[in-house]
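Reader: Hi! Could you walk me through this one in plain words? I'll jump in with questions as we go.

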Amino acid sequence: MRQNTSSQRASLPFQCFHTCAAPGRDHSSAVLFVRGANHRRLRIELVTFPQHEPVAVLMKYTGSSSGIHRYVSSINIDSGTNFQRYCFKVALLTLPDDNDQQQVQDVVWYSSLGMSRERPLLQHCFAYELFNTHPQWAPNLICYEILPDRFASSKGHFTVDGTPVSAEQPLRRKDFEYTDLNEVHCGGDLDGITDMLPYLRGLGCDGISLNSVFKAHGFAKEDTQDYDTVDPHLGGNGSLKRLRALTLGYEIKLLVHGSFAYTGDKHPWFDRQERTGKGALHHQDSPYREFYTFKADGDACYCGGNPKYPKLDYGSREVRHAMAEGQNSFVRKWLRPPYGLDGWVIDHIAAIGDSGNAKNNLKRIAQICTAARETHIDCLMIGNFLSDARYALGSSGNVDGSINYNGFISPIRAFFGGVNLQGESIPYTGEDLRRTCEEYAVGVSQQAKLCLINQLDNASLPRFFTVIGKDKALYMAAFATLFTWRGIPCIFQGDELGDVIASGQIGPDSMIPFKALNDHHASPYSADLQSTIAELAAMRRSNPALSHGTMVFITSGGAYFGYIRIFGHRFSLVFVNSSHQQVKVQQGSILFPLLAALYLPDDCKADDAEDSGESLLIPLSGRNVRRTDHGEGMDALFDMLGRESLDVRCYGGTRTSDEFQEKFIKELCAGRIITIPSRTTVVVNNNPKDSSEE
């Protein structure tokens, strides 16, 4: 059993369930549910590490229901850092003898990594933040990422080499046979984005993530030439002021990507073209020489070995002053009015460091984040890590979250499309996805998980619609997965074009037919997809389990997987099937977390029956293991589910209907088999009977 799951290990004598976020919203106490052993034979301790050494506290048994035992303990971590970890020690005792004596028969540890007989390593324990330092608005965010030069123009059309290009219909690269679009600006600007704000709000988005907008030679603005100026091609500083003012009116958050690890080689500090006569590359006595690191041959250290991106040396006090610590530094200036950004996405964040490498990387990132929060206390700091970001997510005072490559983008593209991020074909199952995502969640706090940004596409990846073979049903199913996953859903510009992506040969950096988007007439399928996205956004906002809840994988197989989102008394069940055949899933006890979290009352009475719950799972010796899970003891759940007000929605090959909802709820409450239609995501939400619960 792994992070926030209830999958049982065949060699272990009982089943546990715990999550940092559910049941309830109070994180000051830990609740553990145990199933499969008599509570009189259990002694459970909460083990915390307030100062890196274990401190054990005996948990209190508060009662049983439906064969599930509930144990509670306060999490008293009043010393040490804000970021803390804990695990559970479960001792199985013999039944009391005539002298009321009991001996320890077995010991199992339960951590974020799962259940084992060895005490878990510290990094494998459940992670916990004493005080939530992340912006309270972040988990509710639904974002839209924009590459400004290619999204929308205030002129109403794009301009390539001085020639107006219509935005009423898809554009094809072959239409620009003699033009290298990677070397020209196409006329998109920030005022064009401003004109599209009503469209983005109607789509359900309340956040915009802009790719870099600062003065640079390239159209993507990654090779920054001036940190104090918005690129004139995009409208200059005034256009960002206007965009900021309008986004405030529409209650839209505004994030911007920034290149903190390097400058462009045309930046006056570096000046490869020798325009100023005092650039660091050509002058050893340059006042900016220490801004960069130079090798013995006189050449600079470059980010990723690309000579366009000379690395900044954060060992230099002047660099730290210019980028973070100074009152008018790059990170601070744009967070203050009149620009007032709501946060940064720090590109190539893993490369930030001293002496031409990543030395002191965590320290330098923390300095940038500290400066940002001193300027705007409620700003969101996101790291664009292309690999494992957990080393920073588990560091106090660092980034709030990251672009979620390892925990969503990579496994989702592999599952639906059968390719990795490098475009190589790989066989990838639902079980692979479950294992990958659960292992990546190990040791990351629930608060940080809610700030991870999930995407199907971004500016550096081939279009997801093309990757999945232009399968329209599968595309819808993937969008439903995006909006029900833990973290911040982010649409990349043009994702909602659907089949137009293929017919128009629209890549990640292509011009978007923004007028066709705005008028919902790019194609019938695109219009349907836009409506679906708006519906998914509304559904996400109506159920706090989807924005704030924990995520528990409950089933997985060759072409399918399922998970639960739980928060307070709200839940969402999600089942995904990517195959061309329907899948039938044996229920067994896969919904045990739901029964434990939602339906086991806080004041349930102690159960003194000597055989309480002992017949549910396997013999305590671990031998003669019962291989079939028939879901004994789950009858109470199915009875209670039958009384719930459930809403069933389908996205993909099967569409939502009253007939399907009735059939699916009947199957769900029967407790035997769940049928997932082909190329479809099924989402089941419970609706509160009393709106005051919200």
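**Strands, rings and cores**

Author: Happy to. Let's start with one bridge: Val47 has Cys87 in S7 as its bridge partner. Keep in mind that this is a predicted model.

Reader: Thanks! How many bridges do S3 and S7 share, and in which sense do they pair?

Author: Strand S3 (residues 42-48) and strand S7 (residues 83-93) are antiparallel, with seven bridges.

Reader: And is S3 mostly covered or mostly open?

Author: Mostly covered: of its seven residues, five are buried.

Reader: What about S3 and S4?

Author: Those two are antiparallel as well, over four bridges, with S4 spanning residues 55-58. Thr48 has Val55 in S4 as its bridge partner. The hairpin of S3 and S4 has six residues between the strands, and His52 there takes a positive phi near 75°.

Reader: Nice, I'll check that phi. Switching topic: what is the strand order in the five-stranded open sheet?

Author: The order is S23-S24-S25-S29-S27, and the pairing is antiparallel. Strands S23 (550-556) and S27 (645-652) are at the edges with a single partner strand each, so one side of each has no neighbour in the sheet. From one strand to the next, the twist averages 15°.

Reader: Which helix packs on that sheet?

Author: Helix H19 (residues 658-670) does, touching S25, S27 and S29. The direction of H19 makes about 115° with that of S27.

Reader: And how do S27 and S29 pair?

Author: In the antiparallel sense, over eight bridges, with S29 covering residues 680-687. Tyr651 stands opposite Thr681 in S29.

Reader: Now rings, my favourite. How many aromatic pairs are there?

Author: There are 42 in the structure. One of them joins Phe214 and Trp344, with 6.0 Å centre to centre and 35° between the planes, a tilted pair. Phe214 lies in strand S15 (residues 214-216) and Trp344 in strand S18 (residues 343-347), so this pair links distant parts of the chain, 130 residues apart.

Reader: Are those two buried or exposed?

Author: Phe214 is buried, at 1% relative accessible area, and Trp344 is buried too, at 0%.

Reader: Why does the pair of Tyr227 and Trp269 count as tilted?

Author: Tilted pairs are those whose planes are neither under 30 degrees apart nor over 60. The planes of Tyr227 and Trp269 are at 40°, with ring centres 5.9 Å apart, so this pair is tilted. Tyr227 sits in strand S16 (residues 224-230), while Trp269 is in the loop between strand S17 (253-259) and helix H4 (317-325), 42 residues apart.

Reader: And how buried are they? I mean, what relative accessibility does each have?

Author: Tyr227 has 5% and Trp269 has 14%. The cut-off for buried is under 20%, so both count as buried.

Reader: Which charged ends sit over rings?

Author: Among them, the charged end of Arg35 sits over the ring of Phe592, 5.7 Å from its centre. The charged end of Lys253 is over the ring of Trp137, at 4.8 Å from the centre.

Reader: Last one: how many residues are in the largest nonpolar core?

Author: That core has 142 residues, and those with the most contacts inside it are Leu210, Phe260, Trp344, Phe416, Phe479 and Trp485. Helix H12 (residues 472-484) gives the largest share, nine residues. A second, separate core of 38 residues includes Phe17, Ala596, Leu637 and Val648.

Technical notes. Residues are numbered from 1 along each chain as its sequence is written. This is a predicted model: local features need pLDDT of at least 70, side-chain atom pairs count only at pLDDT 80 or more; totals for chains, interfaces and linings use all residues. Side-chain values use heavy atoms; hydrogens and water are left out. Two strands pair if DSSP finds at least two bridges between them. Axes are lines fitted to C-alpha atoms, for helices over the stretch in contact, and angles run from 0 to 180 degrees between N-to-C directions. Contact means heavy atoms within 4.5 Å. Rings of Phe, Tyr and Trp (its six-membered ring) pair if their centres lie within 6.5 Å; planes under 30 degrees apart count as stacked, over 60 as edge-to-face and the rest as tilted. Buried means under 20% relative accessible area, exposed over 50%, partly exposed in between (1.4 Å probe, protein chains only). A charge sits over a ring if NZ of Lys or CZ of Arg is within 6 Å of the ring centre and within 35 degrees of the ring normal. A nonpolar core is a set of buried Ala, Val, Leu, Ile, Met, Phe, Trp, Tyr and Cys residues joined through side-chain atoms within 4.5 Å.
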